[in-house]
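Colleague: I have just opened this model and would love a friendly tour. Could you take my questions one at a time?

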Amino acid sequence: MIFKAVGDVRPYPDHGYVTPKDWAAVPPRQVRLDELVTTKATLDLGALLAEDSTFFGDLFPHVVQWKGTMYLEDGLHRAVRTALHQRTILHARVLVLDD
């Protein structure tokens, strides 16, 4: 199993981080793929295979930690690409929300 679970919603409250500038204030750190719950159940194959998939976005996926669970909010294609390279750890920006 690649992820802890596959979800299709964002169960945590709105955090107000919208733009790349907002997320840039959150330092990246290592996260294990098997600790992540996805917030999207489908993957855009074009985004997965694109060579410049991070050209206009953040280099790091966005993760929201809420009530002890880490939710992959943005960067599903990067996480799957990491798994396809047989790596288990991803560098991501982790926003910790209070319960």
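The questions and answers below go from the overall fold to single residues.

Colleague: Before we begin, what should I know about the model and its numbering?
Modeller: This is a predicted model, where local features need pLDDT of at least 70, side-chain atom pairs count only at pLDDT 80 or more, and totals for chains, interfaces and linings use all residues. Side-chain values use heavy atoms, leaving out hydrogens and water, and residues are numbered along each chain as its sequence is written, from 1.

Colleague: Which pattern does the protein chain follow along the sequence?
Modeller: Helices (H or I, at least four residues) and strands (E, at least two) are DSSP runs, numbered from the N terminus. The protein chain has 3 helices and 6 strands. Read along the sequence, they give β-α-β-β-α-β-β-α-β.

Colleague: In the open sheet, which strands stand at the edges?
Modeller: Two strands pair if DSSP finds at least two bridges between them. The open sheet of 6 strands has mixed pairing and the order β1-β3-β5-β4-β6-β2. Each edge strand has a single partner, so one side is left without a neighbour in the sheet; these strands are β1 and β2 (28-32).

Colleague: What is the bridge partner of Gln-30 in β6?
Modeller: Strand β2 runs antiparallel to β6 (residues 89-96), and 5 bridges join them. In β6, the partner of Gln-30 is His-91.

Colleague: How is the pair of Tyr-12 and Tyr-71 classed?
Modeller: Rings of Phe, Tyr and Trp (its six-membered ring) pair if their centres lie within 6.5 Å; planes under 30 degrees apart count as stacked, over 60 as edge-to-face and the rest as tilted. That rule gives 2 aromatic pairs. For Tyr-12 and Tyr-71, the centres are 5.6 Å apart and the planes are at 50°, so by these cut-offs the pair is tilted.

Colleague: How many residues apart are Tyr-12 and Tyr-71?
Modeller: Tyr-12 sits in the loop between β1 (5-6) and α1 (20-24), while Tyr-71 is in strand β5 (residues 69-74). The pair links distant parts of the chain, with a separation of 59 residues.

Colleague: Is His-15 buried or exposed?
Modeller: His-15 is found in the loop between β1 and α1. Buried means under 20% relative accessible area, exposed over 50%, and partly exposed in between (1.4 Å probe, protein chains only). At 16% relative accessibility, His-15 therefore counts as buried.

Colleague: With which side chain does the side chain of His-15 make a polar contact?
Modeller: A polar contact is a pair of N or O atoms within 3.5 Å; within protein, one must be able to donate a hydrogen and the other to accept it, and residues adjacent in sequence count only if both atoms are side-chain atoms. At 2.7 Å, the partner side chain is that of Glu-73.

Colleague: Which residues have the most contacts inside the largest nonpolar core?
Modeller: A nonpolar core is a set of buried Ala, Val, Leu, Ile, Met, Phe, Trp, Tyr and Cys residues joined through side-chain atoms within 4.5 Å. The largest has 13 residues, and those with the most contacts inside it are Phe-3, Leu-36, Val-63 and Leu-72.

Colleague: Which elements give two or more residues to this core?
Modeller: A second, separate core of 9 residues includes Trp-23, Trp-66, Leu-95 and Leu-97. For the largest core, the elements are β5, α3 (76-84) and β6.

Colleague: How far apart in space are Asp-98 and Gly-68?
Modeller: Asp-98 lies in the segment after β6, and its 70% relative accessibility makes it exposed. Asp-98 and Gly-68 are 30 residues apart in sequence, and their C-alpha to C-alpha distance is 9.7 Å.
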